[in-house]
Amino acid sequence: MSQITNNLFKKEQSLAYKMLIPTILILLIVAVYPLGQVVYTSFTNRVFAGVEETEFVGLDNYTSLFSLTIKEMPEDTYAFEVLPREPKRYKELKTFSLLNKQYVIGSIHPDFIESIINTIIFTFFAVFLETLFGFIIALVVNSKFIGRGVMRAIMLLPWAVITVVSARIWEWILFPSRIGFLNMFLSKLGIGNGQISFLTESSLQLPSLIMVDVWKTTPFMALLILAGLQLIPNELYEASRVDGAGKVKQFFSITLPLLKPSLAVALIFRTLASLRVFGLFQVLVGQQKYSMASYNYYQLIGNRAMGLASAISVVIFIIIFIFAVMYMKTLGVENE
């Protein structure tokens, strides 16, 4: 009997592997092969849409992206005067003072270093706020009230709008005069002079981009969290009420623990999407402030540096992979 069972198990296992072959082939064609090409190109000086001969440059693209230097700036001198120009030119990234001396941090690609910082800040605050507001909306929509179905449909409208279209809408809303809705609204409240430059003032650019992304993507988070809430059996809440548990205790002892898998999936999806944000940065601020993806686009299309752009793509992939693993380990997704 055990021999028959073992044979049957082996046949089922063999059949499962055979059925996986088409999926593996598709993954090799649409994912592994292109990724391999990008990794290979990142070690070359290939020019996009050019006829120049491609040469293997090893890790030069990666070292140039992350090369930093710190130089002391004597009085009455400028950063470009003290930063190295050979074999590659370093540009000013940041200046700081230490022990009454002025120093400058130089980088071959300062915009890339800033794009990493911009993307991580954007991701942290956008995902945090989207999760918070999405949680609140999901809890409200999950309760029973008249018009709940209509409310669920309406809340998805911002998410349904194409990113470029929503960015153009917000470009008008944030216009730096009373033509812009937000400036007009704030001036009516006595805040500002109606000329606030949300998209050109450096200190306001990132908060504005985060606000737009939160408006657009909070419904998506609410939808994922709502799906998790509806999987929780009502019997658990009824039993806890019989035991005298209040709403707060129910939330922390029932809702939050059982919602963790859905919340983990939502966080992973949104974090990975935010780390490769492109449309909002490209449409609203252009080359004034970069995300990693928009800087990658600039290097590929603007500078035609395909080798360097490929190296940036690999860096983005590694950063996203690290965040994904961290989430799965921290939230225990593998154990769910």
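Author: Hi! UniProt positions here follow the numbering used here, feature names are shortened, and annotations may be inferred rather than shown by experiment. The model is predicted: local features need pLDDT of at least 70, side-chain atom pairs count only at pLDDT 80 or more, and totals for chains, interfaces and linings use all residues. Residues are numbered from 1 along each chain as its sequence is written, and side-chain values use heavy atoms, leaving out hydrogens and water.

Reader: Cool! Which residues does UniProt list for "domain: ABC transmembrane type-1"?

Author: The unreviewed UniProt entry gives 116-327. That stretch is 77% helix and 0% strand (DSSP runs: H or I, at least four residues, for helices; E, at least two, for strands; numbered from the N terminus). Its end C-alpha atoms lie 19 Å apart.

Reader: And how is the chain divided?

Author: Into domain 1 (68-108) and domain 2 (111-304), with bounds from an automatic or database domain assignment. Their centres, taken over C-alpha atoms, are 38 Å apart.

Reader: New topic: at what angle do helix 4 and helix 11 pack?

Author: About 140 degrees, with axes 10 Å apart, for helix 4 (residues 110-142) and helix 11 (residues 247-275). Axes are lines fitted to C-alpha atoms over the stretch in contact, and angles run from 0 to 180 degrees between N-to-C directions. So helix 4 is oblique to helix 11 (under 35 degrees is roughly parallel, over 145 roughly antiparallel, 65 to 115 roughly perpendicular, the rest oblique).

Reader: Which residues of helix 4 and helix 11 make the contact?

Author: Among them are Phe122, Glu130 and Leu139 of helix 4 and Phe251, Leu263 and Arg270 of helix 11, where contact means heavy atoms within 4.5 Å.
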